Amino acid sequence: MTHPRQTIRKNLVTLLTGLPLTGSRVYGSRVAPLTEADLPAIRVYADSGESSAIDIHNVTRERGLIYRIEIVARATADLDDTLDAISEDVEEALLAAPGSTWLGGDLRDPISDEIEIDDDTSQPVGICRMAISINTYA
């Protein structure tokens with residue numbers, strides 16, 4: 001049986017694939033290696049979660065899950081505009097997602113983000129790390 005965390009991560013990759021600026025460059029792993037040719041790109045991964053049984057047989061669990069959506073782009077003069085445009089596309093896709101994306105649960109507000117520059121790479125990149133919170137029963 002596939003863990004709900006994995007299913008939701010795969011659903012998020014599918015949901016975010018095809019956005020105007022990132023296209024098919026959406027990866028379901030925090031360690032997906034990104035070359036300059038891969039940018040801009042999105043990485044999706046589970047950050048943390050908690051669960052508790054909601055029936056006496058411990059079959060159905062209520063889960064609170066936090067996912068990170070990392071938007072990675074080249075650190076050029078228009079970096080902030082690029083990260084903002086991709087962030088807007090991501091937020092619109094998340095807010096329009098059907099309940100099946102969250103296994104019948106829901107996306108909880110707020111969506112938060114933090115932006116930083118990583119200049120430890122051959123080509124400096126900007127990273128917008130979005131955090132989303134999901135409630136589901138699985």
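Two helices and five strands make up the secondary structure of this protein, where helices (H or I, at least four residues) and strands (E, at least two) are DSSP runs numbered from the N terminus. Along the sequence, the elements follow the pattern α-β-β-β-α-β-β. What you see is a predicted model, in which local features need pLDDT of at least 70 and side-chain atom pairs count only at pLDDT 80 or more, while totals for chains, interfaces and linings use all residues. Residues are numbered from 1 along each chain as its sequence is written, and side-chain values use heavy atoms, with hydrogens and water left out.

Let's start with the overall picture. The protein has 138 residues, of which 38% count as buried; buried means under 20% relative accessible area, exposed over 50%, and partly exposed in between (1.4 Å probe, protein chains only). About 7400 Å² is exposed, with carbon and sulfur atoms supplying 47% of it; such areas come from the Shrake-Rupley method with a 1.4 Å probe, and for residues only the protein chains shown count as cover. Of the contacts (heavy atoms within 4.5 Å) between residues at least 6 apart in sequence, 59% join residues at least 24 apart.

Now step inside. A nonpolar core is a set of buried Ala, Val, Leu, Ile, Met, Phe, Trp, Tyr and Cys residues joined through side-chain atoms within 4.5 Å. The largest one here holds 27 residues, and Leu-16, Ile-42, Val-90, Trp-102 and Ile-132 touch the most other members. Helix H1 (4–16), strand E2 (41–53), strand E3 (61–74), helix H2 (79–96) and strand E5 (125–137) each give two or more residues to this core. H2 provides the largest share, six residues. Ile-132 is a good place to pause: leaving aside neighbours within four places in sequence, its contacts include Leu-12, Leu-65, Leu-94, Trp-102 and Ile-111. There is also a second, separate core of five residues, with Leu-39, Ala-41, Val-72 and Val-125 among them.

Polar residues are found in the interior too. Ser-87 sits in helix H2 and is buried, with a relative accessible area of 6%. Beyond residues up to four places away in sequence, Ser-87 touches Ile-71, Cys-128 and Met-130. Thr-22, in the loop between H1 and strand E1 (26–27), counts as buried at 0% relative accessibility. Outside its neighbours within four places in sequence, Thr-22 is in contact with Leu-16, Pro-40, Ala-41, Ile-42 and Ile-86.

Pro-40 deserves a look of its own. This proline lies in the loop between E1 and E2, and a cis peptide bond, with omega about 0°, joins Leu-39 and Pro-40. Another backbone feature is found at Leu-103, which has a positive phi of about 55° although it is not a glycine. Leu-103 lies in the loop between H2 and strand E4 (106–118) and is partly exposed, at 29% relative accessible area.

Finally, turn to Tyr-45 in strand E2, which is buried with a relative accessible area of 10%. Tyr-45 and Tyr-67 are 22 residues apart in sequence, yet their C-alpha atoms are 5.7 Å apart in space. Setting aside neighbours within four places in sequence, the contacts of Tyr-45 include Arg-9, Ser-29, Tyr-67 and Arg-129. A polar contact of 2.9 Å joins the side chains of Tyr-45 and Glu-70; the term covers a pair of N or O atoms within 3.5 Å, where within protein one must be able to donate a hydrogen and the other to accept it, and residues adjacent in sequence count only if both atoms are side-chain atoms.
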